[in-house]
Amino acid sequence: MQKTLDATEKHFAIDRVRKARRAHVLLALMLLASCFASLAIGATNTSFWSAFVRLVSGEELSQTEQIVLWQIRLPRTLLGILVGAGLAVSGAVMQGLFRNPLADPGIVGVSAGASLGAIMAIVLGATLPIWLQSSVGPYLVPIAAFLGSWIVVLILYAAATRNGQTSVATMLLAGIAIAALTGAISGIFIYLSDDQQLRDLTFWQLGSLSGATWSKVISAGPIIVLAILLSASLGHGLNGLAMGEATAAHLGIAVQRIKRLAVLATAAATGAAVAVSGGIGFIGIVVPHLLRLSTGPDHGPLLINSALLGAALLLWADVAARSIVSPAELPIGIVTALLGSPVFLWILLRRRGGMMM
Amino acid sequence: MFRTRRNLDIAISEAYFEEAQRRFARLIFLSLWALLFLWIALANPVYAKDKPKRILSIGGAVTEIVYALKEEHRLVARDTTSTFPPQANELPDVGYMRALSPEGVLSVAPDLILAIEGAGPPETIDVLKSSSASIVTIPSIDTEQGIIDIISIVGEALGVPEKASDLARKVSEDFQTTDEQVSKLGDVERKKVLFVLSAQGGRILAAGSDTSADAIIKMAGGINVVQEFDGYKHLSDESVASAAPDVVLMMDRRGNHSISDEVLLSMPALQATPAAQTNSVIRMNGLLLLGFGPRTAEAVSKLNTKLYGP
């Protein structure tokens, strides 16, 4: 392959690499700035800088400042990074695997499964014995959502795999059928739910980082980080798949292995992200798009950039979510879609306009 | 010379040692006292602080009680469901009671949080428990005795038990008056009431048993026609028709949510019912009707008057 490149193409390729590297640095800086914003902006007047200065000079922080910084903003920022990066990378992997820019992490049934798990936990949770409720109470919904996402993904993967070969097309179609099925089962539980459960459910589906705790960071963190690392190693394979499965196989890529790992990584990252934050749309589908428009389709840099940009965008969305109606809070799913979609549309239209000229 | 010098050294160091020992003992003694004082100051809020000054009230009924106790000057914020009295709307709103954000709550710097049962999510409550604010949970109730109980809980928490018992007395007097009003009905045939939460899209969302609507209808001397299920559910047209309610009870809503009596009663489900024939639709303010707070006796009395006449 490399040998057939002529001089201009080689120049072009080097330019691309340089551009991608510049994007890495730029996005990493952007993520850093987002972290500072996320730690510094919030409903209380706790000034991050004054707190930081006093902390360095050895002064004690007030109790409220300590709680706001260590127990609220820091875990929330970390969770935002994990969830944003996890969703964006999963989106990039799924778009690569399905060779379809419309794919998002939900395409392998993760969201449908997680949603069903959460609904069941919310509605049936109230019928559990009291001692069990008080011991697993806050973790019931996340655990059920995570299990639900895995069960649906495994069923889908098994359905689409025959003789050790996974058909991506079957997976796509079976995914639609299974989403309808889980939707119907969810409907039964929605019917059985009371007003309050219904309201809890709506809030869950709109997503929020407001319930961020250290235990959520610690339990979801390793899963999402491992899944992102696994995804990042799939770049070469996904590049090969972009040319079609047969071509990829001729290039010596273990196609089946790539598929299996891609589904596994997506289920792990998205399942864990949805379990701790509820349904957050938009990030998974749009972040890889934006990056492809600016730095090209090479999955190597794309996957890393997706993680950086996804994390940064989600942090900004979260800052907006907690500032707009402060001291109350908007569900973050509303913010990502409301602020993100017009920007995305604008970029798309501007680009099309430029190409037509 | 050498030996004496050495002995002297030893003597000096022994003296120092004894002195240090004494000092150490004194230090231990003093720090024990200090610890004791600290413990008393921290463990007993009575010594540490007086009445809470910055109160956050979560839950419509809770906020109403704070206002009824005339302690609203200490309120710093409320939740979205606290909309009565109208002045409450001017307070900062920390969000829906079941989706509170910990930082939003801390930003109004409350020293006391009065939270209705079910306020959450649990993660937020956990964080708030580690803050300096104390949290008092108010049970969610739908009986007369329940209202008296939560008034006294709120009164205790605010440090105004006398005012609370005055209010409780007034509330139970109100209830006595309404009880007399209801018992005056004697053996008049009780009206069958259908509580309609919404009639959106021609489907009737009705209150079954174990709802606040069911409780208030019973208190006012009516019969809730829907006893087949708990909570609020959609009823089929046929079951509404066969339940044959005498009266339709609805919440009074402003804006385009409301549906006119003519439209409501001409719905296929209601057309053939006694309620449609006698044109009986009662509309009452939702928080007054279902809020279960200090005004509930008033709600019972009003509903009773609307059902059976003065």
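**Exercise 1. A proline in chain B**

Where is the place of B:P85 in chain B? Find it, then check the peptide bond before it.

*Solution.* Before we start: this is a predicted model, in which local features need pLDDT of at least 70, side-chain atom pairs count only at pLDDT 80 or more, and totals for chains, interfaces and linings use all residues. Residues are numbered from 1 along each chain as its sequence is written, chains are lettered from A and ligands numbered from 1 in the order in which they are written.

Step 1: B:P85 sits in the loop between β2 and α4 (102-107) of chain B. Those labels are DSSP runs numbered from the N terminus, with helices being H or I of at least four residues and strands E of at least two.

Step 2: the bond joining B:F84 and B:P85 is cis, with omega about -10 degrees. As background, most residues other than glycine have a negative phi, and most peptide bonds are trans.

Step 3: chain A has a cis bond to look at too, from A:S326 to A:P327, with omega near 5 degrees. A:P327 is in the loop between α14 (299-323) and α15 (332-356) of chain A.

**Exercise 2. Positive phi outside glycine**

Take A:R99 and A:N163 and work out which is exposed and which is partly exposed.

*Solution.* Step 1: get the angles. Phi is near 45 degrees for A:R99 and near 50 degrees for A:N163, both positive.

Step 2: place them. A:R99 is in the loop between α3 and α4 (110-125) of chain A, while A:N163 is in the loop between β1 (161-162) and β2 (165-166) of chain A.

Step 3: count neighbours. The rule uses C-beta atoms placed from the backbone: 20 or more others within 10 Å is buried, 12 or fewer is exposed, and in between is partly exposed. A:R99 has 14, so partly exposed; A:N163 has 4, so exposed.

**Exercise 3. Two residues of helix α3(A)**

Describe the surroundings of A:A85 and A:V93.

*Solution.* Step 1: A:A85 is found in helix α3 of chain A, and A:V93 lies in helix α3 of chain A as well.

Step 2: A:A85 is buried because 29 other C-beta atoms lie within 10 Å. A:V93 has 35 C-beta neighbours inside 10 Å, so buried again.

Step 3: list contacts (C-beta atoms, placed from the backbone, within 7 Å), skipping residues up to four places away in sequence. A:A85 is in contact with A:I228, A:A307, A:G310 and A:A311. A:V93 touches A:S231, A:L234, A:L238, A:A262, A:A265 and A:T266.

**Exercise 4. A helix pair in chain A**

How do the axes of α6(A) and α7(A) cross, and which residues make the contact?

*Solution.* Step 1: the axes of α6 (140-160) and α7 (168-192) of chain A come within 9 Å and cross at roughly 140 degrees. Axes here are lines fitted to C-alpha atoms, for helices over the stretch in contact, and angles run from 0 to 180 degrees between N-to-C directions.

Step 2: that makes the pair oblique (under 35 degrees is roughly parallel, over 145 roughly antiparallel, 65 to 115 roughly perpendicular, and the rest oblique).

Step 3: α6(A) brings A:V152, A:I155, A:L156, A:A159 and A:A160 to the contact, and α7(A) brings A:T170, A:M171, A:A174, A:G175, A:I178 and A:T182.

**Exercise 5. The open sheet of chain B**

In what order do the 4 strands of the open sheet run, and which stand at the edges?

*Solution.* Step 1: the order is β2-β1-β3-β4 (chain B), with parallel pairing; strands pair if DSSP finds at least two bridges between them.

Step 2: β2 (75-78) and β4 (134-138) of chain B are at the edges with a single partner strand each, so one side of each lacks a neighbour in the sheet.

Step 3: between β1 (55-58) and β2 of chain B there are 3 bridges, and B:L56 has B:A77 as its bridge partner in β2(B).

Step 4: helix α3 (60-68) of chain B packs on the sheet, touching β1, β2, β3 (112-116) and β4 of chain B, and its direction makes about 135 degrees with that of β1(B).

Notes: Two residues are in contact if their C-beta atoms, placed from the backbone, lie within 7 Å.
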